[in-house]
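I wanted to look up how a few helices pack in this model and where its backbone departs from the ordinary. These are my notes, kept in the order in which I checked things.

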Amino acid sequence: MNNIKFSIFLVLILSFEFVFSQVQTITYEITAKNLSLEAVNSYPQKLISHQKEDTLYRIIVNTFAAYEDTVKRKIVINDRYIRHKNYPLNIKKYLEPTLLTNYNHPEIQNIADSILNMKDSITIEIIKRALKYSSKRIEFDNDLAKELDKGTCTTLAVETILKRGKGTCSEYTNLFLALMRKIGIPCRMAVGYIYIPEQNFQGSHAWAECYIDNYGWIAVDPQNGFIWFPPVAIKLFHGKDFIDCNINTLPDMYPVSIKILK
């Protein structure tokens, strides 16, 4: 996604934040060459139906703004951070470093220490501080975004990101993933599609999801530093990193068609 489009997307996202109370469940019909049924069928999304026709998936999925779920939102607001929680294996794997999210970098250690030295022990406040750092540490790279869109390159590793000081949504996310895992908060990459037909806007996006006990996975945006995604963001993949999402190149995940069902 290029920088101009993403700037527009950010404005739209922020405007949605103030009208969540008006947003109801949205139902999408999506045709795609590649997607993860597990990722599609994860909160706040719900997979209604799916079928495979030749090489194409055809799915129907419901979603809504997770912020509207006031019961679950209260869990997030009150969760207290514990450095060494005993997570089940299916969650613990999202604490492991990968080739793209290696957290054994001096700067990652330093910022992790800085965040945890603050007195606030509420998990979501720690996440917010890490989001702020990630969103400001690097600049958006239009040239890299174009190469990713064409499928001529893939996302960069944390060491390279910190050296270059530039990246796209996936690089912001890689940096944030490394930081969260260093701190001890399970975190995974999400890749999906932003679809706002009334604004003539659509495009791919990568973000992160942090695990909070008794809640599950909460979506956050390392590029722009906010949480509580609106339902215009449709998740199609998740994993430990871009490679684990089983996406060869970015065009591999673009939907063939997408529409909102009335």
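The entries below go through three helices, the loop residue that follows one of them, and a few backbone angles.

**Entry 1: the model.** I am working from a predicted model, and I read every value below as computed from that prediction.

**Entry 2: helix α6.** I began with α6, residues 123–137, and compared its length with the expected rise. At 1.5 Å a residue its 15 residues should span 21 Å, and I find the end C-alpha atoms 21 Å apart, so the two agree. I then listed the buried residues of α6, which are Thr-123, Ile-124, Ile-126, Ile-127, Arg-129, Ala-130, Leu-131, Tyr-133, Ser-134 and Ser-135.

**Entry 3: α5 against α6.** How far apart are the axes of α5 and α6, and at what angle do these helices pack? For α5, residues 106–116, I noted an axis distance of 10 Å from α6 and an angle of about 140 degrees. The pair therefore counts as oblique, since the cut-off for roughly antiparallel is over 145 degrees. The crossing of α5 past α6 is right-handed. On the α5 side I recorded Glu-107, Ile-111, Ile-115 and Leu-116, which meet Ile-126, Arg-129, Ala-130, Tyr-133 and Arg-137 of α6. Sorted by class, this contact holds six nonpolar and three charged residues and no polar ones. I add as background that an α-helix has 3.6 residues a turn, so residues three or four places apart point the same way.

**Entry 4: α9 against α6.** Next I turned to α9, residues 169–183, where the expected span for 15 residues at 1.5 Å each is 21 Å and the end C-alpha atoms are 21 Å apart, in agreement. Is α9 mostly covered or mostly open? I find it mostly covered, with 15 of its 15 residues buried. The axes of α9 and α6 come within 9 Å of each other and cross at roughly 145 degrees, and this crossing is right-handed. From α6, Ile-126, Ile-127, Ala-130, Leu-131, Tyr-133, Ser-134, Ser-135 and Arg-137 take part, and they meet Tyr-172, Leu-175, Phe-176, Leu-179, Met-180 and Ile-183 of α9. By class I noted eleven nonpolar, two polar and one charged residues in the contact of α6 with α9.

**Entry 5: Gly-184.** Which residue follows α9? It is Gly-184, with a positive phi near 100 degrees, and its place is in the loop between α9 and β6, residues 187–196. At a relative accessible area of 6%, Gly-184 is buried, because the cut-off for that term is under 20%. Leaving aside residues up to four places away in sequence, I find that Gly-184 touches Arg-83, Tyr-87 and Leu-95. I also noted Ile-82, which is 102 residues from Gly-184 in sequence but 8.3 Å from it in space, C-alpha to C-alpha.

**Entry 6: backbone angles in other loops.** For reference, most residues other than glycine have a negative phi, and most peptide bonds are trans. Between Tyr-43 and Pro-44 I found a cis peptide bond with omega near 5 degrees, and Pro-44 sits in the loop between α2 (37–40) and β2 (46–53). Asp-54 has a positive phi near 55 degrees in the loop between β2 and β3 (56–63), and at 76% relative accessibility Asp-54 counts as exposed. Asn-214 has a positive phi near 70 degrees and lies in the loop between β7 (201–212) and β8 (216–221); with 68% relative accessibility, Asn-214 also counts as exposed.

Technical notes: Residues are numbered from 1 along each chain as its sequence is written. This is a predicted model: local features need pLDDT of at least 70, side-chain atom pairs count only at pLDDT 80 or more; totals for chains, interfaces and linings use all residues. Side-chain values use heavy atoms; hydrogens and water are left out. Helices (H or I, at least four residues) and strands (E, at least two) are DSSP runs, numbered from the N terminus. The expected span of a helix is 1.5 Å times one less than its number of residues. Buried means under 20% relative accessible area, exposed over 50%, partly exposed in between (1.4 Å probe, protein chains only). Axes are lines fitted to C-alpha atoms, for helices over the stretch in contact, and angles run from 0 to 180 degrees between N-to-C directions. Angles under 35 degrees count as roughly parallel, over 145 as roughly antiparallel, 65 to 115 as roughly perpendicular and the rest as oblique. A crossing is left-handed if the near helix is turned anticlockwise from the far one by less than a right angle, and right-handed if clockwise. Contact means heavy atoms within 4.5 Å. Ala, Val, Leu, Ile, Met, Phe, Trp, Tyr, Cys and Pro count as nonpolar, Asp, Glu, Lys and Arg as charged, and the others, Gly among them, as polar.
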